Structures are given as structure tokens and as C-alpha cells.
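Subject: Handing over the structure, with notes

Dear colleague,

I am passing the structure on to you with this email, and below it you will find my notes on what was found. Please keep the sequence and the 3D view open while you read.

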Amino acid sequence: MTNLQFISKTVNTALINIQKTVQLLEEDCTIPFISRYRKDQTGNLDEVQIEQIAKLQKEYEVIVKRKEAILKSIDEQKSLTPELAQKIEQSFDLQELEDIYLPFKKKKKTRADIARENGLEPLAKIIMAQNNEDIDFLATKFINKNVINEDEALQGARDIVAEWINENIYVRKQLRRLFQRKATIETKVVKKKSEEEGAQKFNQYFDWQEPLTKAPSHRLLAMLRAENEGFVKIKIEVEKEESLEIIEELIVQKKNRNSYPDVPHIQLAIEDSYKRLLYPAISNEALQEAKAKADINSIQVFANNLGQLLLAPPLGEKRILAIDPGFRSGCKIVCLDERGDLLYNENIYPHAPQNDTAMAMKKIRSMVNAYQIDAISIGNGTASRETEFFIKKIAFDRPVQVFIVSEAGASVYSASKIAREEFPNFDVTVRGSVSIGRRLSDPLAELVKIDPKAIGVGQYQHDVDQTKLKEELDATVIRCVNSVGININTASKHLLSYVSGIGEKLAENIVQYRSENGPFEDRKQLKKVPRLGEKAYQQGVAFIRISNAKNPLDNSAVHPEAYNIVEKMAKELKLTVKDLIGNKEKITLIKPENYITPEIGILGIKDIIKELEKPGLDPRKAAKIFEFDPNVKTIKDLKTGMILPGIVNNITNFGCFVDLGIKESGLVHISQLKAGFVSDVNEVVKLHQHVTVKVTEVDEDRKRIQLTMIL
């Protein structure tokens, strides 16, 4: 099977599209570049499909490499027959390959190995042949200094038979199918740990049972966490009798099935093989397979949430006063200019125990006027609501918008190397406040500096495969950054590092070049950046923007390789390129088919025309002001039946969590999102969406709030 055939089994597109995509990937083209600027070659595959092809290509390479290693190992053991080699060559299933390799795998000395050393393999073969009725008498012929009687001889022979059964590829396949269809997951409490404080959050799993295939990802991961923390024990079970029947069907010869007493040793070997070898291995496989699926599901939830968070509406280039609120330690204030640079920082103490409200109001008014502040950004942590009420009492001399901003991960950023590089002369409180302010002006540019796992929008994020999680989250960040495009003259090196084809080292070089030579005036200047070659230029140049550039196309998503096409369009309409951009009346006169070239087909031309209508358009919406219910300040203020405004602050497979402006978020279960069946939470709500909810249950002791959006 070729790599293209392997990929085509999963990706539903023409083989030629897969071939071209793989070719582009092998030429070191990035996924954002391929999906945006090579649509005609790939048949208009989107980023998700191209990512899938890239993953499957890697998977194929891993399988090929593993096959080579297996063939080499078996060959070195002088056990590779033409039939076995063909079997391995034809298989493209890693599990099947491992089953084939199992008899040849180097392992610790087994009971069967000891029995072989004691000369009992011929006896095992006689038992497996199932045609000798006087097996007990034959066993006496195998007594020696290590085998003192016939019972030991038969036991050793059965150990060998049990190992053969365990290594039987068909037995393992059939048992796997049984576990996949009928396995249940059972959890039992570890009694000596049941009274510990941490155990109570897992109390529903103290005695739990359900079909493994029906266990949703969040529940399975919760059970596994409970086991890892020592509170429960997990077992994967199927009917033992059904398992034994499957093995017997494959191992016991038909002629002997109705007279089973003639082969009691086979039966004993089957039971031993299942209990000691097959059941532990296959049940563990079933759990790990379910865990892998749960990981994929959970990682996808996290990636979707992260994508929505990164593409949250930006306020734009405004002067912002940011507040990291607090009680005893006061509120840390910073003033930022339009580019997010720090102008001033101060502490105020409007809340208990100081209650210095009058002085705090005076300072805020003074800062708003002195630094011409357009908006105030308040972190949503401790004292957030109190600080919001305090700010809204101030009579400002100029219009000022007030926003509540999630401060998740701000403390992680403030103590990070990135923050120390940006603000070496300021402490963590100032850095954290700056992050809160910058998140309002441009969430994407600020949040890329923080480890996504610290942002708090995941589902059991610490329990899933960390390598796969990082890969998916990195791909999400790259997708978001390149879908928006970045201003090369204001972007940090951390934001630049996610641009197609750039990476960390080139991002540093771009920032260094910018500081030494001043702002970039056109895209061609990128070629002067040290170590930025033709390939990196080709992959990244169209994702950067230069406002007020000499060539207006430098502030658009049109790739420089297509500039001559746009110039030709403008010339034929008797316009300059500048006059053509945004001129919908003239753009509608353009016939795409007239501008097709060997490099850029009809899809590419249509994209260019679309971009000319709204060059450099930011796909994100504008930020909106939101207000919580002023009467709700703590969980004690909540009453069943209350209808409240809220903001979706996390999405899971089982529902969404809603921020009501208090410390605890409320849960809207998937069944309460809307009337009727909902298969996917994301079909109904998005992260940071403003919603109206009704309180259905409040549990103050457990700090749990149940909500509904069915009003």
C-alpha cells in the first residue's frame, strides 16, 4: 500500500489532491500557506483536511519504520520465512504488526521458556494436536531431573500451550472485538482512602459501572484521575464464559468439541492463557484505546475553546487603563498607549480594609485625563465586581468604556521569561496588569505569550496525552494567527514566531532588524532580515501587514507572487492599484478567468478579487461592553428562578460554564442549552458569548450552580 492509498482511506478527496498536498508538505510548505495560496493544487482543501493529511503521512512513516524494525529483528533470529515477510509487508495496522511480532519479541523469561528448557515442547505439541487419548501416560516419558513427575510435565506443557494461545493473532483479534463491543468499566472505592477530603469529588465513582463504549470522555478521564490519585480501582470486564468460548472455537478442533473431556489439558491451558496472559493484556488495551479516544475528544474541546478565545473581539488601538483588582493589597493600575506600551503605574486602595475611596477616585480621574484613556479593563478575579461598581461611580470628563476581562493565566505570564524580557524593571504585579490591559486591545497578540494550558479553557487537560495536546494547541495558535495576519511593525517576537514559515529564531531576527533599521516600509525588506531565505519569505510574507506601505497591497492578504496580476487588473480598468482596492463597482467588472496563470488558477484569482474588496479585513468582531447583574455579588445572592446575564467562559462536551460575575461559574448542561436534542455544544454557544440564563439549583456547600438557557 502506498502512502497515498493509506491516506485516502481516511481523507475523502481525490487521490491527485492528496498527492499534491503531500508534495507541497515535502517541499516544506506550511499548512496555512498551502490552504490559502495553493487551493488550485489541493482541490480547495481547508487547513483541517491538510493537517489530517500531514498527520496520516507521519502515521504511515511510523508504520513503515516499525515494519522495517520488525523484519530486521525476526531476520536476525533466523526465523523470517517468505510467508511471514509477506504478512508483515501487507499489514498497515500497528496493532496487527505487534501481534505478528509477539512470538519473536524479546521478553523476560516466562513459564513457557522454562518448560521448553526442560524439554517439554514436544509434549505441548502432542497436546495441541488433540489426537492422543493417553496423554497422561505419554507425559511420563518427559520426566527428568527438572521434571519430577507427570503432573509437572503436563503443567509445563500447558504453560507452553497457553503462550501459543496468547500469541495466536486470530484469538487476540476476536477477543479485541468482544472487548470493543461488550466491555464494561467498573470502579470501586479504595476504602481506606474514602474518607479523605479529596475523595469526595469522586464519590459518584465509588461504585460505578457502565459500558466502556458509552462512557463519555470527561467521565472516563475523571475515573482515571480518581484511580491515579488512589481513590478508586478500575476494572475492564467482559463475560468470562463468552471469552473462553471464543478461544475454544478457534483452538479446539471440531471433532473434539462434543467430547471435550478428551482434551482437558487444552481447556486448562485456555483458561490459564486467558486469566494470566490474554485478559490482562486485552483489557488494558481496551482501556488505553478508550483513553486515547477520550484524549482526542478532550484535546479537540480544548483546541476549539482556545481558537475561540484567541479570536475574541479586540477593542483595537485604544489608550487603556488596566486594573488588577484586590482588597488588602489594593488595585494595581497601569496606563497603556495605543500600542500597548506602558506609560504609568500606580496603586489605589478603594476597598476594605483601607477604604481610601475618595483618593482612589481622584487618582483614576487624573490618570484618565492625563493619559487620554479611552477604555478601562478590569481583571475578573478577586474584588472584580467591587472594583467595577467603584469605577462606575466616577464622573469622567471624557467618554470611557468599561470592560471586564478574563485574567486567567495573567499570573503565569507575569512570572514568565517573556514578561521579564518585556518589563525587566517592573515587578509581577505591573506585568500582570499590563497583560489584562493588552488582552482587551488585542487578545490574540497577548494570549500567544502564555502557555495555553494556563488559560483555563481545557477539559481534563493535565490528564491527556501531553505531546498530542501541545501539537494540537500549537496548530490552533498558528491557524488563528495566520487567519488574522499581523502588523509586522508592532508584533512581538512571540506573535511573529507563529507566522507561517517564520519560527522563533527568525522572529527574533525580524524584531532585531526592526529595532536597528526602523519600521518596515514594504514587504521586500523582509528579504534583508538575516537568515530569512526565499522559502521562509514565500511562506510568510502574505501573512504580515504593513500599514501605510508604499504599495497598498502590502497591507492585504494578496501574496506578492500575484501583485503583477492585480496590476494587470488595474491597468485594464484604467485605474491605479490604490484606486482599485475597495472599489466594489470596478471590482465586479473583473472576469477571473481572464487572469489565470500556470501558477495561480481560478480559485486563487477569486480569492484575490475577494481580498481587493476588503483588503486586510480582520475576521474578528468588535468588542462589546457587558454588564453583570449588580445585585449578584456572591453565591449567597443567587436564588432559584433568577434570570441573569452571563458570559460563557468554558465549553465542554457535557455543557458550558457561565460566568455570572461571582467567584463560581454556573453549569448549563447540554440538555439545558435549548429545547430539543443538541449533539454538539459548539452548535449553540461560543466562548465569551453573552447569554441569558436562569438559575435552577444552588448548592452553597459544594459551590455548584446549575443553570438553564431554556427560559
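Let me begin with Pro353, which is found in the loop between β6 and α17 (357-370). The peptide bond that leads from Ala352 into Pro353 is cis, its omega being near 5 degrees. Please bear in mind throughout that this is a predicted model, and that what follows describes that model.

A second backbone detail concerns Ala383, whose place is in the loop between β7 and α18. The phi of Ala383 is near 70 degrees, which is a positive value in a residue other than glycine.

Both loops adjoin strands of a sheet that I would look at next. In this open sheet five strands follow one another in the order β6-β5-β4-β7-β8, and their pairing is mixed. At the edges stand β6 (342-348) and β8 (401-405), each of which has a single partner strand, so that one side of each is left without a neighbour in the sheet. From one strand to the next the twist averages 20 degrees. Within the sheet, β5 (residues 331-336) pairs with β6 in the antiparallel sense over six bridges, and Leu336 can be found opposite Leu342 in β6. Helix α18 (residues 384-392) lies across β4 (320-324), β5, β6, β7 (375-379) and β8, and the direction in which α18 runs is at about 160 degrees to β7.

There is also an open sheet of three strands, in the order β2-β1-β3, and here the pairing is antiparallel. Its edge strands are β2 (207-211) and β3 (232-237), each of which pairs on one side only. On average, and with direction ignored, neighbouring strands of this sheet are turned by 15 degrees against each other. Strand β1 (residues 184-189) pairs with β3 in the antiparallel sense over six bridges, with Val189 standing opposite Val232 in β3. Helix α13 (residues 217-228) packs on the sheet and touches β1, β2 and β3, its direction making about 130 degrees with that of β3. Helix α16 (residues 264-310), for its part, lies across β1 and β3 and runs at about 105 degrees to β3.

How, then, do α13 and α16 meet each other? Their axes come within 9 Å and cross at roughly 120 degrees, and α13 and α16 are therefore oblique to each other, as angles of 65 to 115 degrees would be needed for roughly perpendicular and over 145 for roughly antiparallel. The crossing of α13 and α16 is left-handed. On the side of α13 the contact is made by Ser217, Leu220, Leu221 and Leu224, and on the side of α16 by Leu287, Ala290, Lys291, Ala294, Asp295, Asn297 and Ser298. Sorted by class, this contact of α13 with α16 has six nonpolar, three polar and two charged residues.

Two further helix pairs deserve a look. The axes of helix α9 (residues 121-129) and helix α11 (residues 150-166) come within 8 Å and cross at roughly 70 degrees, and the two helices are therefore roughly perpendicular to each other. The crossing of α9 and α11 is right-handed. Glu121, Leu123, Ala124, Lys125, Ile127 and Met128 of α9 make this contact with Ala153, Leu154, Ala157, Ile160, Val161 and Trp164 of α11, and these residues divide into ten nonpolar, no polar and two charged.

In the other pair, helix α27 (residues 563-572) and helix α30 (residues 602-613) pack at an angle of about 65 degrees with their axes 11 Å apart, and α27 and α30 are therefore roughly perpendicular to each other. The crossing of α27 and α30 is right-handed. Ile565, Val566 and Met569 of α27 are in contact here with Ile605, Ile608, Ile609 and Leu612 of α30, which gives seven nonpolar, no polar and no charged residues by class.

Lastly, the structure holds 14 aromatic pairs. In one of them, the rings of Tyr60 and Phe92 have their centres 5.6 Å apart and their planes at 5 degrees, so the pair is stacked. Tyr60 lies in helix α5 (residues 47-76), while Phe92 lies in the loop between α6 (82-90) and α7 (94-101), so the pair ties together parts that are 32 residues apart in sequence.

With kind regards

Notes: Residues numbered from 1 in each chain as written. Predicted model: local features only at pLDDT ≥ 70, side-chain atom pairs only at ≥ 80, totals over all residues. Heavy atoms only, no water. Pairing = 2+ DSSP bridges. Helix = DSSP H or I, 4+ residues; strand = E, 2+ residues; numbered from the N terminus. Axes fitted to C-alpha atoms, helices over the stretch in contact; angles between N-to-C directions. Contact = heavy atoms within 4.5 Å. Parallel < 35°, antiparallel > 145°, perpendicular 65-115°, else oblique. Left-handed = near helix turned anticlockwise from the far one by under 90°. Nonpolar A, V, L, I, M, F, W, Y, C, P; charged D, E, K, R; others polar. Phe/Tyr/Trp six-rings, centres within 6.5 Å; stacked < 30°, edge-to-face > 60°.
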